[in-house]
Each structure stands twice: as C-alpha cells, then as structure tokens.
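Please open the model in your viewer and keep the sequence at hand. The stops below are given as selections, each followed by what is found there.

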Amino acid sequence: MSGRTDSDTQDGIRTDAIEAHDTDDTDTTDDMPRPDSDDADEYAGEDARRARWTAFGTGALLTLAGLAAALLRLTGPAPALVPAAYALGAAVCALAALLGSRGRTRRALWLLIAGVMVMAVGDQLD
C-alpha cells in the first residue's frame with residue numbers, strides 16, 4: 001500500500017458534494033432573518049449600536065475606576081510610579097471609550113485590555 005489516493009476518486013467526491021450542496025433546499029433556520037431581507041440590516045444596526053455603547057460604557061467605567069485608584073494611591077504612602085500607572089491605564093481606557101463610541105470596537109477592546117494591564121502593573125508595584 002503506497003498511501004497515495006486516487007485523484008480521480010477525490011475529484012468525483014468533491015463534485016458530488018458540491019452538487020448535493022447546491023440542490024439542498026432545506027432551511028433549518030426558519031426563525032433567523034435571511035441575509036437578503038430588510039430585517040437583517042435592522043438587526044446588524046442594533047448589534048453595532050449595542051457594541052458601541054458597550055465599548056463606551058466599559059471604557060468610561062474603567063477610566064473612572066483608574067482615576068479613583070490613582071487618587072487613592074496618590075494620597076497614600078505608595079511610590080509615585082503606582083498612581084502614574086493607574087492614571088496611564090485610565091487614559092488608555094478613556095481613549096478606548098472614545099474609539100468605541102465612534103464605532104472602532106475591536107480597537108477599543110484591545111485598548112481596554114491594555115489599559116487594565118497597565119493598571120494591574122501599578123497594583124503589582126504597590
């Protein structure tokens with residue numbers, strides 16, 4: 001046994017599968033909107049709006065939390081690098097909130113992650 005497959009057999013299987021897929025008229029997603037319907041655009045708009053509001057809200061909340069932590073650490077005996085790390089993380093989260101409100105939700109997500117990581121470094125320095 002050489003381990004090689006017959007190329008004629010593979011081509012026949014491939015064309016049979018394509019033909020079977022093209023003639024398959026069953027639709028198992030009756031409750032889902034079809035891409036060619038007008039409702040699909042409405043759902044996509046709602047999802048995009050929800051993503052923008054979520055990115056903005058999360059960024060604003062993390063910004064406020066970072067600023068509060070920076071102010072609390074500034075009044076305490078912590079080294080100066082700790083409140084600076086919290087403030088920098090809060091600034092990154094504020095930028096993420098701004099980008100999220102403008103529709104750049106993927107970039108906002110990555111900036112939120114980076115901002116929280118910077119704040120975590122500040123927490124570790126304490």
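Leaving aside its neighbours within four places in sequence, which residues is Gly59 in contact with? Select Gly59 and show its surroundings: the contacts are Cys93, Ala97 and Leu112. Before following them, take in the whole chain.

**The whole chain**

This is a predicted model. Colour the chain by pLDDT: the average is 81, and 67% of the residues score at least 70. Helix α1 (residues 7-23) has the lowest mean pLDDT among the elements, 57, while helix α3 (residues 81-101) has the highest, 95.

Switch to a cartoon. There are four helices and zero strands, in the order α-α-α-α along the sequence. Of the 126 residues, 18% count as buried. The chain exposes about 9600 Å², of which carbon and sulfur atoms supply 59%. Among contacts between residues at least 6 apart in sequence, 61% join residues at least 24 apart.

**Helix α2**

Go back to Gly59, which lies in helix α2. Is Gly59 buried or exposed? Gly59 counts as buried, because its relative accessibility is 0% and the cut-off for buried is under 20%. Now add Ala90 to the selection: its C-alpha atom and that of Gly59 are separated by 8.6 Å, with the two positions 31 residues apart along the chain.

Next select Ala69, also placed in helix α2. At 18% relative accessibility, Ala69 counts as buried. Measure from Ala69 to Ala87: the C-alpha atoms are 8.2 Å apart in space, and the residues are 18 apart in sequence.

For the next stop, show the side chains of Trp53 and Phe56. The structure holds one aromatic pair. Trp53 and Phe56 form that pair, which is edge-to-face, with 6.2 Å centre to centre and 85° between the planes. The two residues are three apart in helix α2 (residues 38-75), so about one helical turn separates them. In general, an α-helix has 3.6 residues a turn, so residues three or four places apart point the same way. Trp53 is exposed, with a relative accessible area of 60%, whereas Phe56 is partly exposed at 36%.

**Helix α3**

Select residues 81-101, which make up helix α3. At 1.5 Å a residue, the 21 residues of α3 should span 30 Å, and the end C-alpha atoms are indeed 30 Å apart. Which residues of α3 are buried? They are Val82, Pro83, Ala85, Tyr86, Gly89, Ala90, Val92, Cys93, Ala96, Ala97 and Gly100. Cys93 and Ala97 are among the contacts of Gly59. Step just past the end of α3 to Gly103, which takes a positive phi of about 100°.

**Helix α4**

Finally, select residues 105-125, helix α4. Its 21 residues should span 30 Å at 1.5 Å a residue, and this agrees with the 30 Å between its end C-alpha atoms. Colour the buried residues of α4: Ala108, Leu112, Gly115, Met119 and Gly122. They cover an arc of only 80° around the axis, and therefore lie on the same side of α4. Then colour Arg106, Arg107, Trp110, Met117 and Gln124, which are exposed on the other side of α4. Leu112, one of the buried residues of α4, brings the tour back to its start, as Gly59 is in contact with it.

Conventions
Residues are numbered from 1 along each chain as its sequence is written. Side-chain values use heavy atoms; hydrogens and water are left out. Buried means under 20% relative accessible area, exposed over 50%, partly exposed in between (1.4 Å probe, protein chains only). Contact means heavy atoms within 4.5 Å. Accessible areas come from the Shrake-Rupley method with a 1.4 Å probe; for residues, only the protein chains shown count as cover. The expected span of a helix is 1.5 Å times one less than its number of residues. The arc is that of the directions from the helix axis to the C-beta atoms. pLDDT is the predictor's confidence in each residue, from 0 to 100. Rings of Phe, Tyr and Trp (its six-membered ring) pair if their centres lie within 6.5 Å; planes under 30 degrees apart count as stacked, over 60 as edge-to-face and the rest as tilted.
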